[in-house]
Amino acid sequence: QVHVDESGGGVVQVGGSLRLSCAASGTIFVINGMGWYRQAPGKQRELVATVNSGGGTNYADSVQGRFTISRLVAKTPVYLQMNSLKPEDTAVYYCNVKGYHNYTLAFDAWGQGTQVFVSS
(Lines give C-alpha, C1' and ligand atoms only; values in the text may rest on other atoms or scores of the structure.)
Protein backbone atom coordinates (compact mmCIF):
# COMPACT_ATOMS: atom_id res chain seq x y z
CA GLN A 1 0.00 0.00 0.00
CA VAL A 2 1.63 3.18 -1.25
CA HIS A 3 0.08 6.61 -1.24
CA VAL A 4 1.38 9.28 -3.59
CA ASP A 5 0.58 12.92 -2.90
CA GLU A 6 1.25 15.76 -5.36
CA SER A 7 1.01 19.43 -4.55
CA GLY A 8 2.09 22.80 -5.85
CA GLY A 9 -0.19 23.23 -8.83
CA GLY A 10 -1.97 26.45 -9.55
CA VAL A 11 -2.38 29.33 -11.96
CA VAL A 12 0.64 31.13 -13.35
CA GLN A 13 1.27 33.63 -16.14
CA VAL A 14 3.24 32.85 -19.27
CA GLY A 15 6.95 32.95 -18.48
CA GLY A 16 6.39 32.32 -14.80
CA SER A 17 7.58 29.51 -12.57
CA LEU A 18 6.02 26.83 -10.42
CA ARG A 19 7.38 24.03 -8.27
CA LEU A 20 5.51 20.77 -7.87
CA SER A 21 6.12 18.38 -5.00
CA CYS A 22 5.59 14.62 -4.79
CA ALA A 23 5.68 12.61 -1.58
CA ALA A 24 5.27 8.84 -1.23
CA SER A 25 4.16 7.08 1.93
CA GLY A 26 3.10 3.63 3.04
CA THR A 27 4.79 0.27 2.82
CA ILE A 28 7.99 1.16 1.01
CA PHE A 29 11.23 -0.77 1.17
CA VAL A 30 12.96 1.13 -1.61
CA ILE A 31 12.08 3.58 -4.37
CA ASN A 32 13.81 2.90 -7.66
CA GLY A 33 12.42 5.76 -9.63
CA MET A 34 9.98 8.64 -9.66
CA GLY A 35 8.57 10.67 -12.46
CA TRP A 36 6.19 13.36 -13.52
CA TYR A 37 3.61 12.90 -16.25
CA ARG A 38 0.95 15.26 -17.52
CA GLN A 39 -2.34 15.09 -19.34
CA ALA A 40 -4.04 17.98 -21.10
CA PRO A 41 -7.73 17.90 -22.07
CA GLY A 42 -8.25 15.74 -25.13
CA LYS A 43 -4.69 14.45 -25.10
CA GLN A 44 -2.97 11.33 -23.85
CA ARG A 45 -0.85 11.30 -20.74
CA GLU A 46 2.78 12.00 -21.57
CA LEU A 47 6.09 11.78 -19.81
CA VAL A 48 7.50 15.03 -18.49
CA ALA A 49 10.54 14.03 -16.44
CA THR A 50 11.88 11.01 -14.57
CA VAL A 51 14.69 10.34 -12.12
CA ASN A 52 16.08 7.00 -10.96
CA SER A 53 17.97 5.93 -7.86
CA GLY A 54 21.26 6.23 -9.71
CA GLY A 55 20.62 9.90 -10.37
CA GLY A 56 19.81 9.52 -14.03
CA THR A 57 17.19 11.86 -15.45
CA ASN A 58 15.08 11.99 -18.56
CA TYR A 59 13.05 14.88 -19.94
CA ALA A 60 10.52 15.33 -22.66
CA ASP A 61 11.84 17.43 -25.54
CA SER A 62 9.09 19.96 -24.93
CA VAL A 63 10.34 20.77 -21.41
CA GLN A 64 14.08 20.28 -21.87
CA GLY A 65 15.96 23.24 -20.48
CA ARG A 66 12.92 24.63 -18.70
CA PHE A 67 11.97 21.92 -16.18
CA THR A 68 14.18 20.23 -13.60
CA ILE A 69 13.42 17.17 -11.49
CA SER A 70 15.18 16.72 -8.17
CA ARG A 71 17.21 13.66 -7.17
CA LEU A 72 15.87 10.81 -5.05
CA VAL A 73 16.62 11.34 -1.38
CA ALA A 74 15.20 9.14 1.39
CA LYS A 75 12.23 10.64 3.20
CA THR A 76 12.39 13.71 0.98
CA PRO A 77 9.84 14.78 -1.62
CA VAL A 78 10.72 14.86 -5.29
CA TYR A 79 10.26 18.24 -6.91
CA LEU A 80 9.59 19.40 -10.42
CA GLN A 81 10.82 22.94 -10.92
CA MET A 82 9.04 24.47 -13.89
CA ASN A 83 10.39 27.68 -15.38
CA SER A 84 9.54 29.74 -18.44
CA LEU A 85 6.07 28.26 -18.48
CA LYS A 86 4.05 28.25 -21.67
CA PRO A 87 0.31 27.85 -22.29
CA GLU A 88 1.11 24.42 -23.75
CA ASP A 89 2.23 23.33 -20.27
CA THR A 90 -1.34 23.57 -19.00
CA ALA A 91 -2.33 20.10 -17.82
CA VAL A 92 -2.95 17.88 -14.84
CA TYR A 93 0.42 16.72 -13.58
CA TYR A 94 0.75 13.25 -12.06
CA CYS A 95 3.54 11.79 -9.98
CA ASN A 96 4.58 8.17 -10.52
CA VAL A 97 6.56 6.13 -8.01
CA LYS A 98 8.17 2.75 -8.68
CA GLY A 99 9.76 0.60 -6.03
CA TYR A 100 9.43 -2.42 -3.76
CA HIS A 101 7.22 -3.06 -0.74
CA ASN A 102 9.69 -5.68 0.46
CA TYR A 103 12.39 -7.92 -0.94
CA THR A 104 10.07 -9.47 -3.54
CA LEU A 105 6.94 -7.35 -4.04
CA ALA A 106 7.17 -4.41 -6.42
CA PHE A 107 4.80 -1.49 -6.77
CA ASP A 108 3.94 1.13 -9.34
CA ALA A 109 1.88 3.91 -7.77
CA TRP A 110 0.28 7.10 -9.03
CA GLY A 111 -0.92 10.25 -7.35
CA GLN A 112 -4.27 11.90 -7.93
CA GLY A 113 -2.82 14.74 -9.94
CA THR A 114 -2.38 18.47 -9.49
CA GLN A 115 -3.68 21.06 -11.94
CA VAL A 116 -1.34 23.53 -13.62
CA PHE A 117 -2.83 26.35 -15.65
CA VAL A 118 -0.64 28.75 -17.61
CA SER A 119 -2.53 31.81 -18.74
CA SER A 120 -1.81 33.49 -22.04
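Which residues are linked in a network of salt bridges? Here are some friendly notes on that and a few other features, with the reminder that this is a predicted model.

1. **The salt-bridge network.** The residues linked in this network are Arg38, Glu46, Arg66 and Asp89. The structure holds three salt bridges, and the next two points go through them.

2. **Arg38 and its partners.** One partner of Arg38 is Glu46, with the two side chains meeting at 2.8 Å, N to O. The burial of this pair is worth a look: Arg38 has 5% relative accessibility and so counts as buried, whereas Glu46, at 31%, counts as partly exposed. Arg38 also forms a salt bridge with Asp89, where the closest N and O atoms are 2.9 Å apart. Because Asp89 sits in the loop between β8 and β9 while Arg38 belongs to strand β4, this pair ties together parts that are 51 residues apart in sequence. Both Asp89 and Arg38 are buried.

3. **Arg66 and Asp89.** Asp89 has a salt bridge with Arg66 as well, at 2.8 Å from N to O. Arg66 lies in the loop between β6 (57-59) and β7, and Asp89 in the loop between β8 and β9, so parts 23 residues apart in sequence are tied together here. Arg66 is buried, as is Asp89.

4. **The disulfide.** How many disulfides does a search of the whole structure find? There is one, and it joins Cys22 to Cys95 with an S to S distance of 1.9 Å. Since Cys22 is in strand β3 and Cys95 in strand β9, the pair ties together parts that are 73 residues apart in sequence. The torsion about the S-S bond is about -85 degrees, which means that the disulfide is left-handed. With buried set at under 20% relative accessible area, Cys22 counts as buried because its value is 1%, and Cys95 counts as buried because its value is 0%.

5. **The nonpolar core.** In soluble globular proteins, nonpolar side chains tend to be buried together. In this model the largest nonpolar core has 28 residues, and those with the most contacts inside it are Trp36, Val48, Phe67, Ile69, Leu80, Met82 and Tyr93. Several strands each supply at least two residues of this core, among them β3 (18-26), β4 (30-39), β5 (46-52), β10 (106-110) and β11 (114-119). The most comes from β9, which gives four residues.

6. **Around Tyr93.** If you would like one residue to centre your view on, try Tyr93, which is among those with the most contacts inside the core. Leaving aside neighbours within four places in sequence, Tyr93 is in contact with residues including Leu20, Trp36, Val48, Phe67, Leu80 and Met82. Arg38, the residue from point 2, is also in contact with Tyr93, as are Glu6, Tyr37, Gly113, Thr114 and Val116.

7. **A four-stranded sheet.** What is the order of the strands in the open sheet of four strands? The order is β1-β3-β8-β7, with antiparallel pairing. Its edge strands, β1 (2-7) and β7, each pair on one side only. On average, neighbouring strands of the sheet are turned by 15 degrees against each other, direction ignored. Within the sheet, β3 and β8 run antiparallel and are joined by five bridges. Leu20 has Leu80 in β8 as its bridge partner; Leu80 appeared in point 5 among the residues with the most contacts inside the core.

Key:
Residues numbered from 1 in each chain as written. Predicted model: local features only at pLDDT ≥ 70, side-chain atom pairs only at ≥ 80, totals over all residues. Heavy atoms only, no water. Core = buried A, V, L, I, M, F, W, Y, C linked by side-chain atoms within 4.5 Å. Buried < 20%, exposed > 50% of the residue type's maximum accessible area, 1.4 Å probe, protein only. Contact = heavy atoms within 4.5 Å. Disulfide = S-S within 2.5 Å. Pairing = 2+ DSSP bridges. Axes fitted to C-alpha atoms, helices over the stretch in contact; angles between N-to-C directions. Salt bridge = Lys/Arg side-chain N within 4 Å of Asp/Glu carboxyl O.
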